[in-house]
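Q: I have a model open and would like to learn how to read its features. Could we go through it together?

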Amino acid sequence: AHIGVLRALDEAGIEVSMIAGTSIGALVGGCYIAGKLDELEEFARSLTKRRIFGLLDLNLRGSGLFGGLKLDARLREHMAGIRFEDLTKPFVAVAS
């Protein structure tokens, strides 16, 4: 849904001047500003139940049930070399 909203804004000629998001909204917004929305959409559309399961790394210790290391590695692969300071528009990721 996040990707679709950003695509609709682009199609309507509404310029996004900044992005702020939480959780997947921050991920999608960051990819949008970094010019990586196409790659993220392609990845999201390629997911099947089996592929999702393969990305989940069970973690019985720590703060969450899933560690997220496999997904993090995949994201770093596509975002290599991109830094917050280099983005063309302001970006805020809200986390706690």
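Q: How much space lies in the second largest pocket?

A: Keep in mind that this is a predicted model. As for the general idea, rolling a probe the size of a water molecule over the atoms shows where empty space is left. Here, the second largest pocket holds about 360 Å³ of space.

Q: Which residues are the closest to the centre of that second largest pocket?

A: Its lining has 17 residues, and the closest to the centre are Leu-75, Met-79, Ile-82, Phe-84 and Phe-91. If you'd rather think in elements, helix 2, helix 5 and strand 2 (91-94) each give two or more residues to this lining. Sorted by class, the lining has twelve nonpolar, two polar and three charged residues.

Q: Two Phe residues in that list caught my eye. How do I read a pair of rings?

A: You describe a pair of aromatic rings by the distance of the centres and the angle of the planes. In this model the count comes to one aromatic pair. Phe-84 and Phe-91 form it, with 5.6 Å centre to centre and 15 degrees between the planes. That pair is stacked, because planes under 30 degrees apart count as such.

Q: Are these rings buried or exposed?

A: One of each! Phe-84 has a relative accessible area of 58%, so it counts as exposed, the cut-off being over 50%. Phe-91 comes out at 19%, so it counts as buried, the cut-off being under 20%.

Q: And what about the largest pocket: how much space lies there?

A: About 560 Å³. This pocket is lined by 27 residues, and Ile-24, Leu-27, Leu-40, Phe-43 and Ala-44 are the closest to its centre. Helix 1 (2-11), helix 2 (24-33), helix 3 (37-46), helix 4 (49-55) and helix 5 (69-79) are the elements that give two or more residues to the lining. By class, you get 16 nonpolar, four polar and seven charged residues.

Q: Let's zoom out. What pattern does the protein follow along the sequence?

A: Reading along the sequence gives α-β-α-α-α-α-β, with five helices and two strands in the protein. For contacts with a separation of 6 or more, 54% come from residues 24 or more positions apart.

Q: How much area does the protein expose, and what share of its residues counts as buried?

A: The protein exposes about 7,200 Å², and carbon and sulfur atoms supply 59% of that. Of its 96 residues, 23% count as buried, and Phe-91 is buried too, as we saw.

Methods
Residues numbered from 1 in each chain as written. Predicted model: local features only at pLDDT ≥ 70, side-chain atom pairs only at ≥ 80, totals over all residues. Heavy atoms only, no water. Phe/Tyr/Trp six-rings, centres within 6.5 Å; stacked < 30°, edge-to-face > 60°. Buried < 20%, exposed > 50% of the residue type's maximum accessible area, 1.4 Å probe, protein only. 1 Å grid on protein atoms, 1.4 Å probe; cavity = no way out; pocket = protein on both sides within 12 Å on 5 of 7 lines; lining within 4 Å. Points joined across faces, edges and corners; volume = space filled by probe spheres on them. Helix = DSSP H or I, 4+ residues; strand = E, 2+ residues; numbered from the N terminus. Nonpolar A, V, L, I, M, F, W, Y, C, P; charged D, E, K, R; others polar. Contact = heavy atoms within 4.5 Å. Areas by Shrake-Rupley, 256 points an atom, 1.4 Å probe, with all protein chains shown as cover.
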